[in-house]
Structure formats: C-alpha cells, structure tokens
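Here's a quick briefing to read with the model open beside you. Grab a coffee and click along as you go.

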Amino acid sequence: MSVPGDTKSPQLLAPLKVRDMLEHAFLNARLIRNCVIAGLLVGLLAAIIVRGDQISQTLVLVQNGPEDPPESVGAVFAMTAVPRAVQADAAILESEPVLRGAARRLGPAAVGVKPAFGGLLGKGEATQVERAAKKIRKALRVDTDPGSSLIKVTYAHPDGATALKVMQAVLDSYMAQRRAVYTGAATEVQRAELNRYGSQLADLDARIKGAQQRFGVLNIAQEVQLVGARQDSIAQRISQVRERARAVDGELATANARLNRTPDQVFDSREVTNGTPNDDARNLLSRLRQERAHLVEQYQPDYPGIKEIDARIAIAERQVADNRRDQVFTEKRVRNPDFDTLKTRISSLSLERAGVYRQLQELGVQQTEMQSRVEALRQGAEELADLQRRRDALEAVYRTLSLQQAGSRLRDNTVLDPQAAVRVVQPPNLRPASNAIPLLLLLSGPLVGLAAAGAIMGVRAIVRQTFLTPTEVERLADVPVVSTLPAGPNDELPQDSTAISQLATFILDVGAAERPLNVVQLASAGEGQDNGPVSLLLAREFVNGFGRKTLLIDTNGELYEELSHLAQSEGVLAVDGVDLRLIRTRWDGLWAVSQPANQESPFTSARLPMSRAAHILGELRRRFQQVIVVAPQEFGGYAARRLYPLADAHLLTVRAERTRAPALRALREAVLSGGGDILGAVFTRRRFYIPERVYRWAFG
C-alpha cells in the first residue's frame, strides 16, 4: 500500500505527449498570438527596408599561415594549423587598416562618401576616409567554414562596377597589410623564453620529486584517502574495544559480587539414627541369653552360674534400654560447584580485561601515529598542490611557446613569398541578388515569432516547478494520483463532487482488502494547498454517504472558523489527561477537534510523547469509525513526523499551479522516512485548458 522509495532522480524533462503539447499551447495561447503578430510585423518591415543589391564575391585560399607550423611538424599540428590561419586572415580582412587602405586606393567619392555640406565644415580627407571605411564595413561580409581553408568575401552595392572595384581594392589592401603584419621574426626571443621556461619546469619537477620523497608518497590523493580510511577504522576499533572493556568491567564486578555472596561449601545430606557407634550391647545380650539357655539345660535352677548370668543379662538389658533413648545426627557438606565456576570466570575475565586494555593502549598509539601522519600529509598535499599548480601553468606557457616558435620559423621562410600561404582562387565577380528575399523575410517573420513562442514556452516549462496535470505529479514526484478534483467556475473547490465519493469508496475498499484504514491523515507541502477543505469534504462524505461516525482532527486550526459556523455544540473530551476541544457539527455523525489558528493543538504539543499520542488515537479509534487528520503544515518538524507512523494511511494534497515539485518530493520523503504509508495523492483545482470540441476531435 505504501509508495516505494526513489530508485532514480525525477525526470524533469520527460518526453511530452501530444496531449501535453496541446495543453501547453492553449495555456500560452496569448503568448503565441502576440509572438506571431510581432514576427509578422518585423518581417513586413524587413521586406520593405531590404532591397536587392549587386553582390561581388571572391574566394581566398589559406594554406599554412606564417604563425602556423609546417606540415612536417606533425599530424597533431596539421589539424589545428589551417583553422587558426583561416581565422587570422579573416580577421585581417575585416580590420580597420585594410578597410582604410581600400578607401584610400579608391577615394571616398568612389565609395559614395561626399564632403559634409559641400566641404563648408572644413573636415579633411582623413575624416572622409574613416566614413568610407565604415561604409565598406557595413556592406562587406567575410565567411569561413570550420572544415575548409577557404575564405568567402562578399560586398553588396547597388552598382555592380563599384562593387567590383571595392572588392579588388579590399584584396589589394589585405595583401599589403598582411605583408606588413608578418614582416620581422621573433625566433630568437621565443627560443630564449622557451629555454627559460624549460629550466623552470625542470626545477619544479625536481622539487615535486623531492617533496614526494620527503613525505613518502607517490600519489598524495590516494595516500590521503588510505590514511583517512585507516584513521576511521582505528576510531571504530577504539569504540568497539571501549565498549568491550566496559562490558568486561561490568561482568567482572558482577562475578566478584556473586563470589562474595557464594559459600565455599553447601549442604549435601543429613542422617538421623539411634544406633550408637561401637555399641555391642545387643550382641552381648543375645550371647548371654543363649549361654543361660544352655546352662538351664545342663544345671539346676539354683545353680550359682545361672544367677550370675541373670545379673549380667539385666545389666545388658539396661544398657540396651539406655542406648535406645540416644539419637545420633550425621550431616554431610560438600564443596560448592558455583564457587569454582565463579573463580574460573573471574580469572578468565581478568585475563580478558588486561588484554582489552592493552589493546586499547596500542590503538591509542596507532591513532596518535595516524593523526601525525594526517597532519604531515596535509602539509604535503598543500605543498605538492602549489607546486603542481605552478608546473601546470608553466607547462601551458611552454607548449604555447613551442607552437609559436615553430610558427615563427615558418613565417621567416614564407613572409617574403605571400603566394605560398594565400591565393585568390576566384577573382572578384558579380552575383545578382535574389528578388525573393523580401518575400522570404515576410514569410519567415511569423515562423520566427512561432519559434520564439516555442522557446519561451520551453523555458517556462523548464523553470516551472508547479503541476498542471496529475500525470506530472506521478512522473515528477513518483506518487500515484488516486483522486482529481476539478476547479469550479471561480477556481474554487466543488462542494458536491463525484471524485470525493470515489475517494472515500477507494479508502474503504483498500481497507477491506488489506487492513482497515480507520485513521487517514491528509498532508500538504505548505499553506494554501487545500489540505483542510479536502479533509472536511472527505469527512462529510464518510458521514453523509456511508453513515460512518467520523472525527475530523484539525491540527493547524485552518478549519476552526468554518467548523464554528457548523457547530451544533461544543465540549471538552479528556483522553489520557489531554483535553480535546470537541465540536459537534450539524451533520449527524460528524465531530471535529480544532482550535483557533493562534493556539497550539494538543497533537502538535512539544510535551506530548509518541506513546501518549498513540494511546489518544487508539481511544479515538474505539469511539469513532473513521478519523480524518489534517497534518501539521511544517511537515518536516518532529510534531508532524510523530504522527506519520500512527496513521493507517496518508493522502498527499496537491493543488494545481501552486504546489511545488521539490516541496512535494520533500513531503513524500518525510512521510516515508517517518514510518508512514502513502496511499496516493489528491490533485485539486484541476483546470482543463484544451477546449472540449478540440479534445474530442483529437482524442475521440
């Protein structure tokens, strides 16, 4: 029943369906209309302003520039040499010296620049040349292709002959300026700088190697990581050994205490007898009687021996009678087996305690060594990072100087022969302008406006963090939408909606299939998310539609005024020592617990432990068939997290065009991490942007 945790990040830019595109189009209908009208006006204005000109064009082939190494340097340089030369020569073609030289060769008048006010202002030829150069720049266009070494130069002018003259003048000025720029060599200076940077690189390499040997590392980052892992392992072992030491001390103290209370001997058996040890009186009496019987058979009764035997028999009988009155008690005690067991356990624990404390001492020594090693590695990391940073900077400069030195050598060889590097493949010729340009500008205006509207809509869709449709909630927040409440005529919630009835039925069906959902909590990501109104509508539906005795718990007080208007009576319900302000509404079977917004709810009190909150909700379960809870607005606080595991299910309230996606994902994570189960989301105030006729025509 609960929503599973995220296994991947939300797809903010998931592929849009045709229905999503239509919704965005009708949502931004005014923007699209304005952009298309603006594009049409701009295209119409451009078609009126732009007129056809005669275009002169030429092609210049750039081979190896003077600043680039020859092909013999290697294939790596050959991949970058030609594009760099093309870019450099294209920049020279558009430079101010080239344009001013072309204006001087032709004269400002040939370009169409006349003295201001007939020369009355007294401005000299230099000013006119500057104006002519600016005019040439406006009509001149230099194009390059990254995959080609050709430079395409075009110049537009109403007069074809003038266009050809200006183009030829620009080419002549370019050739002259190129020779002037690349005259002179800097090979020796670059070689000296290269040697100096090479020496510095060698010195830095030696210092880096010395630092690595001094700190005993090869890879400082890997060594820091290994030492950190070792330090964490030692800290964990110290914690474990300390826990074992405390456990051993406790067991040893308990064993000593029991040993002190345990006797060394215990009772084994007890024997009671009336037989006296070494008592031969009975045997003597038996022998005397046998002897008398023998004498009686042999002698007369008055025989003196018989009288003597009778006297001895009387004495023996008195001795037997005396012995019968005495009793002998014998008690046997053995060594207590628990005493030996405790002595053995104490000896074992004493040995273990000594070993544990020795291990703790050794771990302390290792921790001290690791801390010293970490401090040394920290210093080494700082020193090596500084040296490596300086070496990277020097190496970059060294590489640049190496390339420049190769280019300087090539320039020295080619500066006297410009044709070796630059050739005019196509002399200046005329290319008539197309008359379809104004029509293309007029037609492209609305298309550009439509593209601009699409770009703006795309940017809006990217930066927008609110939800327009239930599918966006399911895609971006990974929460299934179980109910959708459409917006009313004035963008309000509908009071009588089939969606609320279906939602209540869904809750009862899920409860019947799995476990009863007697306590349902509605949570939202902040204020103004329709959490309270939806809770009231759902509670009313349980009462009116299903006849269930329902309790609505408003923890925020946002429904207090509305519930006060609906109140039939008010009272106080005491549960587990907590007084709940109970409101009985005019709907039979609907009760509410609420308070003013400026007062604290008993359920959000900081002094209410979770056990009492669970007991209170358990008591409310017993008294009511259905309990609807409006969750606290601070969904990340402890007051809200305390209620998440106590509710049977949670519904997340999402308001269209207001609830933010990051806040909803944070609410979802807070509920799941707090131990709550999410039944789904309720999407409120859904607006349908596509007209009904268009929707039926497009989707049937």
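Which helix is Ile238 found in? Ile238 sits in helix H9, residues 220-261, where helices (H or I, at least four residues) and strands (E, at least two) are DSSP runs numbered from the N terminus. Before we go further: this is a predicted model, so local features need pLDDT of at least 70 and side-chain atom pairs count only at pLDDT 80 or more, while totals for chains, interfaces and linings use all residues. Residues are numbered from 1 along each chain as its sequence is written, and side-chain values use heavy atoms, with hydrogens and water left out.

**The whole chain**

- The secondary structure adds up to 21 helices and 15 strands.
- Of the 700 residues in the chain, 37% are buried; buried means under 20% relative accessible area, exposed means over 50%, and partly exposed is in between (1.4 Å probe, protein chains only).
- About 39800 Å² of the chain is exposed, and carbon and sulfur atoms supply 53% of that. Accessible areas come from the Shrake-Rupley method with a 1.4 Å probe, and for residues only the protein chains shown count as cover.
- Take the contacts in the chain with a separation of 6 or more: 81% of them are between residues 24 or more positions apart. A contact here means heavy atoms within 4.5 Å.

**Where H9 meets H12**

- Back to Ile238: this residue is buried, with a relative accessible area of 6%.
- Leaving out residues up to four places away in sequence, Ile238 touches Leu360, Leu363, Gly364 and Gln367.
- Ile238 and Glu362 are 124 residues apart along the chain, yet their C-alpha atoms are separated by 9.7 Å.
- Gln366 lies in helix H12, residues 337-414, and is buried at a relative accessible area of 18%.
- With the same sequence neighbours left out, up to four places away, Gln366 touches Arg230, Ile234 and Arg237.

**Strand E8 and its partners**

- Strand E8 covers residues 519-524, and six of its six residues are buried, so E8 is largely enclosed by the rest of the structure.
- In a regular strand the side chains alternate between the two faces of the sheet.
- Both faces of E8 are covered: Val519, Gln521 and Ala523 are buried on one side, and Val520, Leu522 and Ser524 are buried on the other.
- E8 pairs with strand E13 (residues 626-630) in the parallel sense over four bridges; two strands pair if DSSP finds at least two bridges between them.
- E8 also runs parallel to strand E14 (residues 649-655), joined by five bridges.
- Leu522 is a handy residue to click on: it stands opposite Val630 in E13 and opposite Leu651 in E14.

**Strands E1, E2 and E3**

- E1 (residues 54-62) and E3 (residues 150-157) pair in the antiparallel sense over eight bridges, with Thr58 standing opposite Val153 in E3.
- E2 (residues 140-144) pairs with E3 too, antiparallel over five bridges, and Thr144 has Ile151 as its bridge partner in E3.
- E2 and E3 form a hairpin with five residues between them.

**Cavities**

- There are two cavities of 30 Å³ or more. On a 1 Å grid over the protein atoms alone, a cavity is a set of points where a 1.4 Å probe fits but cannot get out, and lining residues have an atom within 4 Å of a point.
- The largest cavity holds about 60 Å³ of space; grid points are joined across faces, edges and corners, and a volume is the space filled by probe spheres set on the points.
- Its lining is Val519, Gln521, Ile553, Phe603, Leu617, Val629, Leu643, Leu646 and Ala647.
- By class, that lining has eight nonpolar, one polar and no charged residues. Ala, Val, Leu, Ile, Met, Phe, Trp, Tyr, Cys and Pro count as nonpolar, Asp, Glu, Lys and Arg as charged, and the others, Gly among them, as polar.

**Backbone oddities**

- Most residues other than glycine have a negative phi.
- Asp478 has a positive phi, near 60°, and is found in the loop between helix H14 (470-477) and strand E7 (481-486). Asp478 is partly exposed, at 35% relative accessibility.
- Arg685 has a positive phi as well, near 55°. Arg685 lies in strand E15, residues 678-686, and counts as buried at 15% relative accessibility.

Technical notes. On a 1 Å grid over the protein atoms alone, a cavity is a set of points where a 1.4 Å probe fits but cannot get out, and a pocket is an open set with protein on both sides within 12 Å along at least five of seven lines; lining residues have an atom within 4 Å of a point.
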